[in-house]
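Visitor: I am new to this structure. Please take me through one part of it closely, step by step.

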Amino acid sequence: MTEAMIRKKAGMASVKDMPVLQDGPPPGGFAPIRFARRIPNKGPSAMAIFLATFGVFSWGMYQVGKGNKIRRALKEEKYAARRAIIPMLQAEEDERFVNEWKKYLEEEARIMKDVPGWKVGENVYHSGRWMPPATGELRPDIW
C-alpha cells in the first residue's frame with residue numbers, strides 16, 4: 001500500500017499536513033520506579049556462615065586425622081609382615097648363594113686344572129676380608 005491510498009490524496013503530503021500522533025503515558029500514569037537502596041535481610045547472618053564453615057572444616061580435619069591413623073596402622077602392619085619374613089628370605093638367599101658358590105668353585109677347578117700353583121677359591125685380592133659378589137650372581141655366563 002502506498003501513502004496516497006492511505007491518505008486518499010495523490011502525491012506526497014507535507015509533514016505539516018500529517019496528523020499528530022504522540023506516545024504518552026498510560027491512563028493513570030506509570031508505576032513508580034524503585035530507586036532507594038533496599039537490601040533484603042534474608043538468609044543467614046555472617047556469624048552463622050562463619051560457624052557453619054568452621055564446623056565443616058573441623059569435621060573435615062577430624063576425618064583426615066582418622067584416615068591418617070588407619071593409613072599408619074596399615075603401613076605398620078605391612079612393615080611388620082616384611083620384618084617377619086626377612087629371616088626366611090635371607091635363609092633362602094644364603095642357600096642359593098652356597099649352591100652357586102659350589103658350582104662356581106667346580107667350574108673354576110675344571111678351567112684352571114692345568115695351571116700350576118692355582119688354588120681354587122682363593123681370593124685374588126689378598127685383602128684378608130671375604131666379601132660377597134656385588135651383583136648377587138656369581139657367574140651369569142654359565143646360565
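Guide: Start with a term. A salt bridge is a side-chain nitrogen of Lys or Arg within 4 Å of a carboxyl oxygen of Asp or Glu. Side chains of opposite charge can pair when their charged atoms come close. Keep that in mind for helix α2, the part to look at here. One caution comes before the tour: this is a predicted model.

First, the setting. The chain has two helices and zero strands. It runs to 143 residues, and 3% of them count as buried. Its accessible surface comes to about 13800 Å². Carbon and sulfur atoms hold 64% of that surface. Take the contacts in the chain with a separation of 6 or more: 43% of them join residues 24 or more positions apart.

Now helix α2. It covers residues 46–111, which makes 66 residues. From its first C-alpha to its last it reaches 90 Å. That is close to the 98 Å expected at 1.5 Å a residue. The helix has a kink of about 40° at I85. The proline P87 follows shortly after that kink.

A record adds a label at the start of this stretch. UniProt, in an unreviewed entry, places the feature "transmembrane region" at residues 44–62. In the model, the chain over residues 44–62 is 89% helix and 0% strand. The end C-alpha atoms of that segment are 25 Å apart.

Next, the charged pairs. The structure holds four salt bridges. Three of them are worth a close look, among them the one between R96 and E93. The side chains of R96 and E93 meet at 2.8 Å, N to O. R96 and E93 are three residues apart in helix α2, so about one helical turn separates them. The general rule is simple: an α-helix has 3.6 residues a turn, so residues three or four places apart point the same way. Both partners are partly exposed. R96 has 27% relative accessibility, and E93 has a relative accessible area of 34%.

Move on to E100 and K103. Their side chains also form a salt bridge, at 3.9 Å from N to O. Here too the partners sit three residues apart in α2, about one helical turn. Their surroundings are described by different words, though. E100 is buried, because its relative accessible area is 9% and buried means under 20%. K103 is partly exposed, at 44%.

Then come R110 and E107. Their side chains meet in a salt bridge of 2.7 Å, N to O. R110 and E107 are again three residues apart in helix α2, about one helical turn. E107 counts as partly exposed at 21% relative accessibility.

Finally, the buried residues. In α2, F97, E100 and E108 are buried. E100 you have met already, in its salt bridge with K103. E108 also lies in helix α2. Its relative accessibility is 11%, so E108 counts as buried. What does E108 touch, leaving out residues up to four places away in sequence? The list is W118, K119, V120 and G121.

Put the pieces in order along the helix. The kink is at I85. The salt bridge of E93 and R96 comes next in this tour, then E100 with K103, then E107 with R110. Buried E108 has its place in α2 as well.

Technical notes
Residues are numbered from 1 along each chain as its sequence is written. This is a predicted model: local features need pLDDT of at least 70, side-chain atom pairs count only at pLDDT 80 or more; totals for chains, interfaces and linings use all residues. Side-chain values use heavy atoms; hydrogens and water are left out. Helices (H or I, at least four residues) and strands (E, at least two) are DSSP runs, numbered from the N terminus. The expected span of a helix is 1.5 Å times one less than its number of residues. The bend at a residue is the angle between axes fitted to the seven residues ending there and the seven starting there. Buried means under 20% relative accessible area, exposed over 50%, partly exposed in between (1.4 Å probe, protein chains only). UniProt positions are given in the numbering used here, feature names are shortened, and annotations may be inferred rather than shown by experiment. Contact means heavy atoms within 4.5 Å. Accessible areas come from the Shrake-Rupley method with a 1.4 Å probe; for residues, only the protein chains shown count as cover.
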